[in-house]
Amino acid sequence: MTAESEKDIEGLLKIGRIVGLAIQAMREALQPGMTTAALDVIGEKVLRQHGARSAPQLVYKFPGATCISINDEAAHGIPGNRTVQPGDLVNIDVSAEMDGYFADSGGSIGVPPVSAENKRLLSATKSALQNALDAVSAGRPINVIGRA
């Protein structure tokens, strides 16, 4: 491995950890009654504390630092005055940049009480992700992910 590729791996790991910390903080703070804008502020604060910038704001001039979708919103929900309710399924998506390296991750969380249908959905998506991770490896065609 070259020094340059080691530097790249370190840069990607660093921004990936920061994205993970932002998601963790947002998940821990999530509660009924809060707005998606308030949740977004938490993610933005974590990014700033670690010297990272919101990639959607940087690249697309997105109105929030993170994307927060509730229930039937497919993805890339714009943070705002929408209030989280008990039983909601909330997707948190954080994408950030630091020193020219980008990371993007997210996940969904059910706000108690979580319906049986949402529990099945969360379980099925977790299982699908694990199947994809188990199937992919260096040198294998990318379509193994879809098949898994």
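Is Asp 99 buried or exposed? I will come back to that residue in a moment, but please keep in mind throughout that what we are looking at is a predicted model.

Let me begin with the overall architecture. The secondary structure comes to five helices and four strands, and if you read along the sequence you meet them in the order α-α-β-α-β-β-β-α-α. The C-alpha trace spans about 50 × 35 × 25 Å along its principal axes. Of the 148 residues in the protein, 34% are buried, and the accessible surface comes to about 9,000 Å², with 55% of that surface belonging to carbon and sulfur atoms. If we take the contacts with a separation of 6 or more, 55% of them are accounted for by residues 24 or more positions apart.

Now to the hairpin. Strand 3, which covers residues 89-98, pairs with strand 4, residues 101-110, in the antiparallel sense over 10 bridges, and to give one pair from that ladder, Ser 95 has Asp 104 in strand 4 as its bridge partner. Two residues lie between the two strands of this hairpin, and Asp 99, in the turn, has a positive phi of about 55° although Asp 99 is not a glycine. As for the opening question, Asp 99 counts as exposed, because its relative accessibility is 62% and the threshold for that class is over 50%.

There is a second residue of this kind, Lys 61, which is not a glycine and yet has a positive phi of about 60°. Lys 61 sits in the loop between helix 3, residues 55-60, and strand 2, and with a relative accessible area of 70% Lys 61 is exposed.

While we are on backbone geometry, I would also point you to the peptide bond joining Pro 112 and Pro 113, which is cis, with omega at about -5°. Pro 113 is found in the loop between strand 4 and helix 4.

Those two elements bring us to the pockets. The largest pocket has a volume of about 220 Å³, and its lining consists of Asn 91, Ser 105, Gly 106, Gly 107, Ser 108, Leu 122, Thr 125, Lys 126 and Leu 129. Strand 4 and helix 4, the latter being residues 116-135, are the elements that give two or more residues to this lining. Sorted by class, the lining has two nonpolar, six polar and one charged residues.

The second largest pocket holds about 170 Å³ of space. Its lining is made up of 14 residues, and those nearest its centre are Asn 71, Glu 73, Ala 74, Asn 91 and Ser 108. Here the elements that give two or more residues are strand 2, residues 67-70, strand 3 and helix 4, with strand 3 giving the most, namely four residues. By class, this lining divides into seven nonpolar, five polar and two charged residues.

If you have the structure open, you may want to look at Asn 91 and Ser 108, since both residues appear in the lining of the largest pocket and also among those nearest the centre of the second largest one.

To close, I return to the hairpin of strand 3 and strand 4: strand 4 gives two or more residues to the lining of the largest pocket, whereas strand 3 gives the most to the lining of the second largest pocket.

Conventions:
Residues numbered from 1 in each chain as written. Predicted model: local features only at pLDDT ≥ 70, side-chain atom pairs only at ≥ 80, totals over all residues. Heavy atoms only, no water. Pairing = 2+ DSSP bridges. 1 Å grid on protein atoms, 1.4 Å probe; cavity = no way out; pocket = protein on both sides within 12 Å on 5 of 7 lines; lining within 4 Å. Points joined across faces, edges and corners; volume = space filled by probe spheres on them. Nonpolar A, V, L, I, M, F, W, Y, C, P; charged D, E, K, R; others polar. Buried < 20%, exposed > 50% of the residue type's maximum accessible area, 1.4 Å probe, protein only. Contact = heavy atoms within 4.5 Å. Areas by Shrake-Rupley, 256 points an atom, 1.4 Å probe, with all protein chains shown as cover.
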